[in-house]
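Work through the following exercises with the sequence and the three-dimensional view side by side. Each begins with a task and is followed by a solution in steps.

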Amino acid sequence: MTMAATAGRDDPFRDPSLVPKHTAQPGEVAGVPDTLAVGRDASLTLGTDSLVVLDEELQDSKSARCCGLSFSNASKSTRSIPFYNVLWAEHSENGDITIQYAHAVSPKVVRPAIVSYKLDKPDSALAEAWIEKLLDRAYGASQRQKRIKVLVNPFGGQGGAVKMYHKSIAPILAAARCTLDVEKTTHQGHGVEIAQALDMDAYDVVACCSGDGIPHEVWNGLGKRPDAALALHKIAVAQLPCGSGNALSLNFNGSDSPSVAALAVVKGLRTPLDLASVTQGDRRTLSFLSQSVGIVAETDLATEHLRWMGSARFTFGVLTRLLSQTVYPADIAVKAVCANKAAVRDAYRTAAAQPPPPPGHPLDTRPVPAASAPLPALQHGDINAPLPPDWDLIPHDKLGNFYAGNISYMSPDANFFPAALPSDGCIDLVRINGDVPRLRAVSILLGVESGKFFDMEDVDYQKVVAYRILPREQKDGYISVDGERVPFEGFQVEVHRGLGTTLGKNERGLCEAKGV
Ligand SMILES: Nc1ncnc2c1ncn2[C@@H]1O[C@H](COP(=O)(O)OP(=O)(O)OP(=O)(O)O)[C@@H](O)[C@H]1O
């Protein structure tokens, strides 16, 4: 991402007043100058992608260090702050203009910083109009001053969520003038209860300082309400990564670093997200991330005792099972939309080539559901209904990995579903046989990290709108829905296009991942 750290690369001799003029966008205040003179030798200019601070005193002023500006090259008098990093700006009666921004301390850490200057001649109308223009560039179509219900799971990840929230997240949200209502989860399922009772008119976002478990609970809580469709549409669920699995943040904030994710949430665009109904027994659960049966589920859920290994735990777990060529027989029926990789790639490229909304226009153009609309009815029945006549139940005797994903990244180095489109109404389904020769199996595992996975011949990859899977010949085993263990019995999944809402960086609503 472009951050304040790039400031040092700017040409120190460039005259910011010569920065190409930005074309006025609808809603922008016409006639407001891009450059404000702030003192004898200083100016603030709205450049193409950043706010350019020209200040002769930056060359030797140590006091300006408290402003958080970078002094890697003390001879420079020009610094730029990417608009993306600008959090807030305001002015006082006596002509002070104060700009708060997220300063990149390192690629994984941003901290709030301030630049403050006095206008040459106090002019409230000018200051106000210029600040409006700056905030317009800084936020674009993203809502300013979001009202956020923050849920902190004190036991998420290594148990450091409360500390991470106060140290890395809250300062960024506060600097952006978000309205915050913070609550710690006190027990399992608390996220469901909070979302179920949430005052929908009081918040725009529920941000979870947690792993993927709390977002899963929040979407399910919203889904239990009598006004589920409206609640899922109105309330964006985001993650401020503080857990052991932070896939939601990796895919939409482009990072699993708490402070960088906080900035992404501040700047996030409302992004429609498919949610899938998983029916099992007589239960119906919403899934935003994944369902897995076989090697991934077993590795994820059966290796808790290896947590001390950190991220190597997963690789180790998969390797031991690959080498023993474990199979997990099942009968599977799918309703496919893209039945082969060529069709999948085509669908991805078509979506990725769509023009983004015009500047200032929202990405989310879904119609608002009626206030009384509940969760959508199942189009294909549940797991207990007869198999829809156009689905075939196909025996998979050698199944090794059954993995269905709604978004791309499952963990930091695993872009497992590179073709995933968050609101295409499909879930991406990967199937790999468990009896592939060991060396090839290992190369598949390595292919996930290297990005070659999708094209490997042993990897079956489809886009489906619904499926049913019935495990066979195993007394017990592991099934994971969004990383949580569910009973070992058959289940059916049906995708609801754009039923949920998250916040994302991508102007086309795509995941922050390399596609296909
Ligand atoms: N105060 C609490 N005490 C015990 N469990 C809680 C509490 N708050 C939340 N939980 C539960 O913790 C689970 C995991 O949460 P989360 O996803 O935040 O963390 P994680 O570290 O990524 O998860 P995991 O333990 O699954 O790896 C959720 O199922 C949630 O219900």
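**Exercise 1: a helix residue**

Leu135 has its place in helix α1, residues 124-139, where helices (H or I, at least four residues) and strands (E, at least two) are DSSP runs numbered from the N terminus. This is a predicted model, in which local features need pLDDT of at least 70 and side-chain atom pairs count only at pLDDT 80 or more, while totals for chains, interfaces and linings use all residues. Residues are numbered from 1 along each chain as its sequence is written.

Task: determine whether Leu135 is buried or exposed or partly exposed, and which residues Leu135 touches.

Solution. Begin with the burial criterion: a residue is buried if 20 or more other C-beta atoms lie within 10 Å of its own, exposed if 12 or fewer, and partly exposed in between, with C-beta atoms placed from the backbone. Leu135 has 19 other C-beta atoms within 10 Å and is therefore partly exposed. Next, take contacts, which require that the C-beta atoms of two residues, placed from the backbone, lie within 7 Å. Not counting residues up to four places away in sequence, Leu135 touches Ala89 and Arg144. Finally, consider Val86, which is 49 residues from Leu135 in sequence, although the two C-alpha atoms are 7.8 Å apart in space.

**Exercise 2: two residues in one loop**

Task: for the loop between α2 and β9, establish how Ala176 and Arg177 are placed.

Solution. First, locate the loop: Arg177 is found between α2 (161-175) and β9 (179-184), and Ala176 lies in the loop between these elements too. Second, apply the burial criterion to each residue. Ala176 is buried because 25 other C-beta atoms lie within 10 Å, whereas Arg177, with 15 C-beta neighbours inside 10 Å, counts as partly exposed. Third, look at the surroundings of Ala176, which touches Leu87, Trp88 and Val266 when residues up to four places away in sequence are left out. The C-alpha atoms of Ala176 and Pro112, which are 64 residues apart along the chain, are separated by 9.2 Å. Last, inspect the backbone of Arg177, whose phi is positive, at about 60°, although Arg177 is not a glycine.

**Exercise 3: helix α8 and the loop after it**

Task: explain why α8 is largely enclosed by the rest of the structure, and describe the setting of Leu306.

Solution. Start with the count: six of the eight residues of α8 are buried, so the helix is largely enclosed by the rest of the structure. The buried residues are Ile295, Val296, Ala297, Glu298, Thr299 and Asp300. Their cover includes β14 (290-294), α9, β17 (399-405) and β22 (479-481). Then move on to Leu306, which is found in the loop between α8 (295-302) and α9 (312-323). With 14 other C-beta atoms within 10 Å, Leu306 is partly exposed. Beyond residues up to four places away in sequence, Leu306 touches Arg313, Phe316 and Gly317; Phe316 is ten residues from Leu306 in sequence, at a C-alpha to C-alpha distance of 9.3 Å.

**Exercise 4: a positive phi after β22**

Task: describe the backbone and the burial of Asp482.

Solution. Asp482 lies in the loop between β22 and β23 (484-486). The phi of Asp482 is positive, about 55°, although this residue is not a glycine. Asp482 counts as buried because 26 C-beta neighbours lie inside 10 Å.

**Exercise 5: the ligand shell**

Task: state which residues come nearest to the ligand and how the shell around the ligand divides by residue character.

Solution. The shell is defined by residues whose C-beta atom, placed from the backbone, lies within 6 Å of the molecule. Of the 21 residues around the ligand, Gly156, Ser210, Gly211, Gly213 and Gly243 come nearest. Helix α4 (residues 213-223) supplies the largest share of the shell, three residues. By character, the shell has three nonpolar, 16 polar and two charged residues, where Ala, Val, Leu, Ile, Met, Phe, Trp, Tyr, Cys and Pro count as nonpolar, Asp, Glu, Lys and Arg as charged, and the others, Gly among them, as polar.
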